[in-house]
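Dear colleague,

Please find the structure below for your records. A short account of what was found in it follows.

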Amino acid sequence: MSALLAPPLSLYVHFPWCVRKCPYCDFNSYTLQGELAAGPYVARLARDLEAQAAEVTGRPVVSVFFGGGTPSLFPPSSIAGVLEAARRHLCLAADAEVTLEANPGAVERGAFGEYGGAGVTRVSLGAQSFAPEALAALGRIHSPLETRRAAEELHAVGLSNFNLDLMYALPGQDRDGALRDVEEALALAPAHLSHYQLTLEPGTVFAARPPPLPDEDDAAAMLEDCAELLAVAGFEHYEVSAWARPGRQCRHNLNYWSFGDYLGVGAGAHGKLTAAERGEIVRTVQPREPRRYLAASPGELARNPVPRDELPFEFMLNALRLTAGFSLEDFSARTGLAASSVAAPLERFMARGLLERTSAGYRPTELGLRFLNDLVADFLPERAEMSGGFALSIAPAGGARDSLRPLFTGADTPFGE
Ligand SMILES: C[S@@+](CC[C@H](N)C(=O)[O-])C[C@H]1O[C@@H](n2cnc3c(N)ncnc32)[C@H](O)[C@@H]1O
Ligand code: SF4
């Protein structure tokens, strides 16, 4: 047994509404019907922050992520209101990274300057593709021009630290099409690029009526081509689906992937908190449906202590997504378990060429990143039922969505944000 130490703390804030639900999306998001209840929702978030503050007294919040759904449907004054509440109830670090997710079709022209003024330091834009026919097939509400305009505006107001979300292996897309999307994205000079393979998620319109998609070999070739292009452009591949210019990794997501702590507020938001003094790690989940969340009292969130034998799996599920891997010291400090508890599977994976040693720990090899599912599944305890009731849902080879959805985090279920 090792001493459990409180890791860095982040804050995730979920906004569950969108202009229109996309047919591929299984996030906890809903087509907005009628007026946006911005005032009541922000007031509820503030009560949530107040209620959870006692559990993190004195701990600095190093990053905030406004995710969705479509947070950019909320005006800058709402975002300012949530940050004000966060400052009132928590210790928000002066240099905290504050990311806002924005849909290029659901952000007022000229609003980015005001979001910056409200305290946002980083933006994540859902570009998805620059091909009009692909955007139409995906049911997106914006044109490539709106994405370009949004990126230009971000540079103009000094928010150059922005991410573009792109998806590949889209309906009717070929290798050239996937490469062109990355080229178009790079032309907008983002600091970060998230590149997800389109996956058919259970319960979505696409799962019920799948569009014609490129096969897995084509998808793998697309990923390889795009990765080469990104490397040449000076982007570092630091997580299975994320590339960044040096020093521009998303600090918030890095904290998820390093098995850090986070408060989760908003409909369906998940949190993870380490109570070092009790030797316990607890997962929290808010009521998922927006109306229920609005009606519930802040104390009504579910709390599920993570059984000790699930900790290696939960740690690896996150840490093995990082190309730099993890240190054994962090493994012990963040799980409270001795490094010897995972020595046998780590050695097995080394022997199979899926992991390699670093000076402080281990990292996945290229092969390991491609077979992340196998790697992670091996850390599951020998029990059919797991406490969180989750499904193992990581797509192979760079397909895992994450920036928003490190597994078990954020706002979605059953596996994560
Ligand atoms: C919460 S959404 C992003 C923000 C905003 N709602 C938007 O769509 O513009 C997070 C990202 O997950 C990715 N995503 C969502 N569903 C996906 C799927 N089925 N397969 C792959 N990526 C997906 C998209 O790139 C999307 O931008
Ligand atoms: S992909 Fe984004 S815009 Fe589309 S439904 Fe999901 S959260 Fe909303």
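**The shell around ligand 2**

Ligand 2 is surrounded by Cys18, Lys21, Cys22, Tyr24, Cys25, Ser29, Gly69, Thr70, Asn103 and Arg140, where a residue is near a molecule if one of its heavy atoms lies within 4 Å of it. This shell comprises 4 nonpolar, 4 polar and 2 charged residues; Ala, Val, Leu, Ile, Met, Phe, Trp, Tyr, Cys and Pro count as nonpolar, Asp, Glu, Lys and Arg as charged, and the others, Gly among them, as polar.

The model is predicted, with local features needing pLDDT of at least 70 and side-chain atom pairs pLDDT 80 or more, while totals for chains, interfaces and linings use all residues. Residues are numbered from 1 along each chain as its sequence is written, chains are lettered from A and ligands numbered from 1 in the order in which they are written, and side-chain values use heavy atoms, without hydrogens and water.

**Thr204**

Thr204 lies in the loop between β8 (192-197) and α7 (205-208); helices (H or I, at least four residues) and strands (E, at least two) are DSSP runs, numbered from the N terminus. Thr204 counts as buried because its relative accessibility is 6%, buried being under 20% relative accessible area, with a 1.4 Å probe and protein chains only. Leaving aside residues up to four places away in sequence, Thr204 touches Pro23, Tyr24, Cys25 and Asp26, contact meaning heavy atoms within 4.5 Å.

**The chain**

The chain contains 15 helices and 17 strands. Of its 417 residues, 58% are buried.

Yours sincerely

Key
Buried means under 20% relative accessible area, exposed over 50%, partly exposed in between (1.4 Å probe, protein chains only).
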